[in-house]
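Me: Hi, I've just opened this one and would like to talk it through with you. Could we start with the strands and go from there?

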Amino acid sequence: MPINTETPQTTTPMHFWLRAETKIYERRTPLLPDQAKELIQMGHRVTVEEYDERCVPDAAYVAAGCTLVPTGSWIEAPSDAIILGLKELPVSNEPLRHHHVMFGHCFKNQEGSEQFLRRFKEGGGKLWDLEFLVDEQGKRVAAFGRSAGFLGMATGILQWCHATLTKQVLGSIQHYTTTESMLREVRDALTLVMEETSKTPKIMIMGGKGRCGGGAIALAKLVGIPSSHITSWGEEDTMSGGPFAEILDCDIFVNCIYLSQPIAPFLTASSIKLPRNLSVVVDVSCDLENPHNPLPIYTKKTNFRKPAQRISHDPILDVVSIDHLTSLAPLESSKEFSGDLLVHLKMCGNSAVWQRTNRMFEERLRNLTHDNSPAQ
């Protein structure tokens with residue numbers, strides 16, 4: 001009987017090194033203590049860097065049998081250690097000699113991607129990009145998609161409510177300890193707007209059939225937005241090419257697509273100058289650095305300190321573009337993601353899923369432009 005390379009089989013012991021994140025407000029983790037314990041029971045080693053911002057305490061990893069080490073010490077980790085993280089590393093020219101499992105944001109020609117990939121080429125390391133861990137149908141095996149859509153919709157509604165009542169953008173937002181606390185805050189904001197203005201927002205979701213879009217729709221319904229006020233578009237609805245006047249008719253537009261090929265923009269700097277109801281754009285996908293960015297109407301991302309930016313004052317148009325939205329509910333989103341990832345970590349580097357992302361990495365290395373620096 002042939003081996004099914006899509007699913008884990010028995011493998012040799014590995015050394016996983018969970019690094020501390022460096023992105024501000026990043027509290028999620030790709031590996032929770034119970035999952036680390038399971039890997040250890042299989043004979044693998046798990047080293048965890050100290051990190052006070054992680055959604056679970058360091059002590060929980062120690063109790064699970066992990067070795068605790070100082071923050072940032074992965075640089076000196078043994079060469080066979082697999083460095084496990086989520087968000088990008090700080091910009092540097094230092095060669096990378098390890099195998100890294102993370103979101104590299106460099107396989108789609110994003111800004112800075114060539115410099116980042118060159119670090120692997122010079123150091124002999126590998127990037128197994130979490131975005132491109134896919135099954136034989138091309139579907140991601142682990143994703144924050146539903147949580148991202150859920151939290152993006154929540155933030156967008158909060159911004160719409162705040163601007164409707166005060167004409168201002170939101171101030172700093174904090175992470176939620178429970179889903180119910182977030183839902184309560186959004187419901188309360190909508191109730192206040194209804195009492196003051198009798199308004200309920202009309203919402204449009206692009207990519208509504210995917211996990212991310214499904215999360216956005218679920219949040220809208222849970223906080224009381226009627227189905228008659230929710231429009232969901234899929235790929236088939238955009239075949240005619242944008243920009244789309246339909247987006248201008250809604251109050252809140254939430255972009256949840258997975259950008260895998262060139263597409264026409266959904267909105268442009270010219271189209272948002274037309275008469276519109278649209279006052280909030282939530283770019284959950286955040287493809288700002290991608291040359292095929294479908295929302296070329298803003299030039300910088302937002303963050304938890306300043307979650308929205310105003311790109312038009314008359315009439316108002318605010319953009320929410322936080323590229324790690326799921327850190328607003330770090331424990332819940334980590335459970336969603338790491339639970340799916342664990343089954344593949346057990347066969348890290350040794351299944352068809354890993355082979356696919358490895359082939360993509362090798363292809364990107366081959367496509368790097370030649371180094372024209374003078375010979376030494």
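Reply: Happy to, and keep in mind that this is a predicted model. A good place to begin is S11 and S12 (residues 316–320), which pair in the antiparallel sense over five bridges. Within that pairing, Ala308 stands opposite Val320 in S12.

Me: OK, and which strand order does the sheet with S11 and S12 have?

Reply: The order is S8-S7-S9-S10-S12-S11, an open sheet of six strands with mixed pairing. S8 (230–233) and S11 (308–313) are the edge strands, each pairing on one side only. On average, neighbouring strands here are turned by 15° against each other, direction ignored.

Me: Which strands does H4 touch when it packs on that sheet?

Reply: H4 touches S7 (203–206), S9, S10, S11 and S12, and its direction makes about 160° with that of S10. Helix H6 (residues 211–222) packs on the sheet too, where it touches S7, S8 and S9. The direction of H6 makes about 160° with that of S7.

Me: Back to H4 for a second. How many of its residues are buried?

Reply: 18 of the 22 residues of H4 are buried, so this helix is largely enclosed by the rest of the structure.

Me: And what span should H4 have, at 1.5 Å a residue?

Reply: H4 covers residues 145–166, and its 22 residues should span 32 Å at that rise. The C-alpha atoms at its ends are 31 Å apart, which agrees. Right after H4 comes Lys167, with a positive phi near 65°.

Me: Which other residues have a positive phi, despite not being glycine?

Reply: Tyr25 is one of them, with a phi of about 70°. Tyr25 sits in the loop between S1 and helix H1 (33–41), and counts as partly exposed because its relative accessibility is 32%. Asn109 is another, with phi near 60°. You'll find Asn109 in the loop between S5 (99–102) and H3, and it is exposed, with a relative accessible area of 59%. They are worth a look because most residues other than glycine have a negative phi.

Me: Nice. Where are the cis peptide bonds?

Reply: One joins Gly242 and Pro243, with omega about 0°. Pro243 is in the loop between S8 and helix H7 (245–249). Another runs from Asp314 to Pro315, with omega near -5°. Pro315 lies in the loop between S11 and S12, so we're back at the antiparallel pair, since S11 and S12 pair in that sense.

Me: Switching to aromatics: how many aromatic pairs turn up in the whole structure?

Reply: A search of the whole structure finds eleven. Phe116 and Phe120 form one of them, edge-to-face, at 5.2 Å centre to centre with 75° between the planes. Both lie in helix H3 (residues 113–123), four residues apart, about one turn of the helix. Phe116 and Phe120 are both buried.

Me: What about Phe253 and Phe266, what kind of aromatic pair do they form?

Reply: That pair is edge-to-face, 6.4 Å centre to centre and with 80° between the planes. Phe253 is in strand S9 (residues 252–255) and Phe266 in the loop between S9 and S10 (280–283), so the pair ties together parts 13 residues apart in sequence. Both Phe253 and Phe266 are buried. Ring pairs also link Trp233, Phe244, Phe253 and Phe266 into a cluster.

Me: Which charged residue lies over the face of Phe144?

Reply: Arg28 does, at 4.3 Å from the ring centre.

Me: Last topic: what order do the strands have in the sheet with parallel pairing?

Reply: That one is an open sheet of six strands in the order S3-S2-S1-S4-S5-S6. S3 (67–69) and S6 (126–129) stand at its edges with a single partner strand each, so one side of each is left without a neighbour in the sheet. The twist averages 25° from one strand to the next.

Me: How many bridges join S1 to S2 there?

Reply: Four bridges join S1 (residues 15–18) to S2 (residues 45–49), and the two run parallel. If you want a spot to click on, Trp17 has Thr47 in S2 as its bridge partner.

How values were computed:
Residues numbered from 1 in each chain as written. Predicted model: local features only at pLDDT ≥ 70, side-chain atom pairs only at ≥ 80, totals over all residues. Heavy atoms only, no water. Expected span 1.5 Å × (residues − 1). Buried < 20%, exposed > 50% of the residue type's maximum accessible area, 1.4 Å probe, protein only. Phe/Tyr/Trp six-rings, centres within 6.5 Å; stacked < 30°, edge-to-face > 60°. Lys NZ or Arg CZ within 6 Å of the ring centre and 35° of its normal. Pairing = 2+ DSSP bridges. Axes fitted to C-alpha atoms, helices over the stretch in contact; angles between N-to-C directions. Contact = heavy atoms within 4.5 Å.
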